[in-house]
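Let's take a walk through this structure together. Have the sequence and the 3D view open, and follow along at your own pace.

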Amino acid sequence: MTEDVAKISVNIPETVASKSAHEVSQAESDDRDLVERCQRGDLDAYEVLVGRYRVKVYNLAFGILRNEQDATDLCQEAFVRGWQAIHSFRKDASFYTWIYRITTNLGIDFVRRRDRRPTTPLDEAIDPDVDASVQEPPSTNPSPVDEAQRRELREQIDAALLQLSPEHRVVIQLREFDDMDYAAIAKVIGCSIGTVMSRLHYARKHLQKLLKPVI
Amino acid sequence: MRRLVAVLLGCVLCGSVHATSIEARLIRASNEDGKSDAQLAKLVPKLKKVFGYQLYKQLGIQKADFKDKRTLRLDLGEGIVVFVTHSEVEDKVHTLDFEMFSGRAALVKSTVHVHPGRTMLIKGPDVGDTLLVISLVVVE
Amino acid sequence: MTHHNTEAITGLLDGELKGLRRWMAQRHVSRCTTCADEYRRQEQVRQLLRANPPVSPMTDSPEFFWSKVKTEIQRRGDERVAAPTPHLVFADWVRQHQFAVATAAAAFIAVVGALWFIPAFRGTPMVTVTPRTATPVARVEHLKTLIPHTAATAFDDKDADVTVIWVTGLPWTPDMNKMETKFANLDT
């Protein structure tokens with residue numbers, strides 16, 4: 001994931017526009033055709049949709065639950081629920097936002113029922129058999145010392161993220177790692193844009209305090 | 001035979017002449033509940049605009065044809081009597097002399113020059129929330 | 001920002017503020033050290049998170065994952081659930097489409113305003129209504145009353161289309177009937 005880093009107080013970033021409108025509408029149009037087929041009972045069409053959004057949904061689930069196995073289970077449950085609710089999907093909506101909303105609601109419920117800390121060490125999470133769409137930090141030929149430092153940093157970040165409420169964790173995940181704009185986040189979590197901004201603000205402030213030693 | 005013809009001719013001539021008459025009404029105005037009299041349907045809107053009361057009841061009505069210059073006595077009831085004398089007509093304007101009495105007391109007297117159909121309203125005595133009004137109309 | 005609206009800093013940092021709000025926030029941050037510090041701190045957190053995304057790739061292969069989903073779907077059969085369609089709250093929707101909404105509103109007002117001047121659309125009939133011809137007014141002469149403390153006046157009420165003789169001060173007592181007349185011969 002790349003981004004334009006804003007310069008302090010001098011260069012304020014331009015208004016967000018992550019994808020071109022044409023790209024978005026083309027993807028959504030494809031999704032709509034697939035959803036129509038799903039609504040007629042075509043499971044093969046649903047397999048395409050699952051393949052398309054599997055990793056994104058998993059990343060969101062992991063961002064909320066901070067546990068690999070729980071995230072996999074949540075991802076699976078989200079897609080199963082998606083199939084069960086496909087009849088209520090409105091064609092003018094975005095499948096991507098819709099499945100994200102299902103995942104978010106399930107994830108927050110899950111966290112409220114079971115508050116767990118991450119148990120999977122970071123080195124075990126890296127599997128060479130996994131597909132190439134995996135997110136990897138941008139580093140080439142790191143030294144063992146660098147790698148250890150990165151690992152420690154990530155652990156601190158993970159620990160800090162776990163301290164956030166599930167609602168704050170969701171907005172951080174969607175904004176910082178999924179690069180969604182406020183309107184899309186508002187649709188996913190079902191609140192106003194103002195609430196998104198507020199939650200993001202307090203999530204960052206909280207993280208600021210927790211990550212003070214490393215910032 | 002000649003008498004018969006004369007009588008018939010007389011009738012035709014009389015019929016062809018449109019007799020002018022006077023119509024006088026005595027009306028009681030008040031603010032009581034109820035509906036105004038149906039006979040006053042056309043007059044009530046005018047009465048309301050002039051006097052403002054809500055309820056109008058007709059206490060009496062008299063119609064009489066003008067004959068030469070004889071004075072007509074119109075007894076409207078409640079002791080109200082109107083005397084009307086038709087003096088002349090010129091360009092459709094009728095000149096009338098009238099006097100209005102309540103019992104033996106003369107209330108008002110005047111000479112009016114009026115077109116047929118023009119309603120004249122005379123505000124009579126009032127007691128509490130009740131008022132007596134007299135309306136006069138020349139009918140051709 | 002005349003006050004320290006630190007939430008707006010978040011919007012500014014994410015490029016979500018537009019137009020006047022953006023200009024005002026930008027201006028404030030460039031002049032207020034408190035807010036500039038807050039901006040810097042948030043930016044650091046953002047950079048740190050983005051530089052260190054969660055690394056926990058999915059261990060299930062695509063085929064394996066799909067097989068699990070399909071099995072579960074088939075196991076649950078025709079069971080249906082409801083999932084609300086994501087949408088913006090109304091205020092946000094209007095803000096997102098403010099230009100279109102403003103244009104539509106302006107067009108609507110312009111059309112209604114233009115139609116207002118066309119009588120047919122106001123419900124008024126196209127035919128000209130001829131006003132009712134009033135009967136010519138009556139002329140009142142020699143108006144008089146004789147009972148003491150009474151007076152009479154005559155006028156035309158154009159609204160009611162009548163001539164009125166207004167007599168004031170008329171008493172209504174039983175004695176009135178006993179009062180003698182001075183005008184007419186009641187015996188005739």
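What follows is a look at how helices pack within a chain and between chains.

Please keep in mind that this is a predicted model. A good place to start is helix α2 of chain A, which spans residues 43–65, and its neighbour α6 of chain A, residues 166–177. Their axes come within 8 Å and cross at roughly 140 degrees. Angles over 145 degrees would count as roughly antiparallel, so α2(A) and α6(A) are oblique to each other. The crossing is right-handed. On the α2(A) side you will find A:N59, A:L60, A:G63 and A:I64, which meet A:P166, A:R169, A:V170, A:Q173 and A:F177 of α6(A). By class, this contact between α2(A) and α6(A) has five nonpolar, three polar and one charged residue.

Now let's turn to the place where two chains meet. The contact takes 74 residues from chain A and 57 from chain C. On the chain C side, α1 (6–13), α2 (19–31), α3 (33–51), α4 (62–76) and α5 (90–96) each supply at least two residues. Among these, α3(C) gives the most, with 13 residues. The chain C side divides into 25 nonpolar, 15 polar and 17 charged residues.

Helix α2(A) appears again here, with α4(C) as its partner: their axes come within 10 Å and cross at roughly 130 degrees. These two helices are therefore oblique to each other, and their crossing is right-handed. From α2(A), the contact uses A:L43, A:E47, A:V50, A:G51 and A:R54, while α4(C) brings C:P62, C:F65, C:W66, C:V69 and C:K70. The contact of α2(A) with α4(C) has six nonpolar, one polar and three charged residues.

Terms used. Residues numbered from 1 in each chain as written. Chains lettered and ligands numbered in written order. Predicted model: local features only at pLDDT ≥ 70, side-chain atom pairs only at ≥ 80, totals over all residues. Axes fitted to C-alpha atoms, helices over the stretch in contact; angles between N-to-C directions. Helix = DSSP H or I, 4+ residues; strand = E, 2+ residues; numbered from the N terminus. Parallel < 35°, antiparallel > 145°, perpendicular 65-115°, else oblique. Left-handed = near helix turned anticlockwise from the far one by under 90°. Contact = placed C-beta atoms within 7 Å. Nonpolar A, V, L, I, M, F, W, Y, C, P; charged D, E, K, R; others polar.
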